[in-house]
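Good morning, and thank you for coming. Please look at the sequence and structure as they appear, and then I shall begin with one side chain and its surroundings.

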Amino acid sequence: MIKSKLPHIGTTIFTKMSALAGECDALNLSQGFPDFDAPQALRESMARHVMAGHNQYAPMAGVMRLREQLAAQLAMHRHISSDADTEITVVPGATEGIFCAVMACVRPGDEVIVFDPCYDSYQPAVELAGGRAVHVPLAPGSFALDRERLEAALSKRTRLIMINSPHNPTGSTLTKGDMLYLEELVETRKLLVVSDEVYEHLVFDNGSHHSALQFPALRARSFVLFSFGKTFSVTGWKTGYCVAPSQLTAEMRKVHQFVSFVAVTPVQLAVADFLEAEPDYPTTLADFYQRKRDLFCGALINSRFKLSPSSGTYFQLLDYSAICEDPDTELCEQWTRQHGIASIPISIFYEQPPQQHFLRFCFAKSDPVLTSAAERLCEI
């Protein structure tokens, strides 16, 4: 037997709840994946490349034609220039990219700031690198950045700050003011940043996504991660990319080449084809998902849940405090079995869960599923 490096980590809540949803034949609004197809042209391109024999290793940093398209996307959507050769790396999923970035720059004894509720892959990456995750709660209710608590958590050992906007699991977003504050903070204290921006195109109500790449001092010190799975509704393709200054990219790639070495070749070629043919496709996503959010939230108007419509991502929090005060971890399992609808408890994303009563529901589902889910929730 070996001594576990992650003794407190078990099977993820996403795996558990999806399995329970399948066991109970429940509507699965727990794990964050769409139940509808990706664009047909993208799927057809993937099939063509597989059948054409493009099934061997790609270059370690990614297919250059795709990296060039990504540089063009960054120029179009973020108004920044980037070097496709030295600053963009295609990775087999943003989670892998985050892991490699953390492993590249966190050393034993370093402290890493994470914000609760914190996506569950962050702390294990920090711990495997020998660091310590320092948890800073977001403001209760609004899930906004709490600057006072952040500054109180900083120490001489702080090496890195991990940010996530649009935020999973709450659907909140960082403001331009937040980003300017973080820019000054990391420059003054000489900190690094990992910025998880996989839901970058899913910002609602005419809001804007503020990328770390758009703030010079942040960009100079940040690894920024994106996901094709979220943008193109192909979460099972597990492909994304990391943008960072050349020096940081070089260090991240040293780790990446010994974790997975490359991302999947035909996926990269298919995405390159699709972005070349439809470069404006990402701009359609906000309206598409906002309509789904509004359908789901509107159908809950006569329920006993309290909610504020999500600002971004494809997740909606529902406050069940008017219904009961049961622990969310017990309630999501109970409602999956009794009412046939699966969700995710928020408390598991906290080091010290506050007194609140939220469940997370994914609205990246077909309209009939969202309507049926809302009907079941209204009956509770």
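A polar atom of the Gln73 side chain lies 3.0 Å from the backbone oxygen of Pro279. I should say at once that this is a predicted model, in which local features need pLDDT of at least 70, side-chain atom pairs count only at pLDDT 80 or more, and totals for chains, interfaces and linings use all residues. Residues are numbered from 1 along each chain as its sequence is written, and side-chain values use heavy atoms, with hydrogens and water left out.

Is Gln73 buried or exposed? Gln73 has a relative accessible area of 8%, so it counts as buried, a term for values under 20%, found with a 1.4 Å probe on protein chains only. Leaving aside neighbours within four places in sequence, Gln73 is in contact (heavy atoms within 4.5 Å) with Arg78, Leu275, Pro279 and Pro282.

Let us turn to the helix around this residue. Gln73 belongs to helix H3, residues 64–78; helices here are DSSP runs of H or I with at least four residues, strands are E runs of at least two, and both are numbered from the N terminus. The buried residues of H3 include Leu70, Gln73 and Leu74. Among the elements that cover the buried residues of H3 are strand E2 and helix H11 (265–277). Just after H3, His79 takes a positive phi of about 60°.

Finally, consider strand E2, residues 88–91. Ile88 and Val90 on one side, and Thr89 and Val91 on the other, are all buried.

Technical notes:
Buried < 20%, exposed > 50% of the residue type's maximum accessible area, 1.4 Å probe, protein only. Polar contact = N/O pair within 3.5 Å; in protein donor to acceptor, adjacent residues only side chain to side chain.
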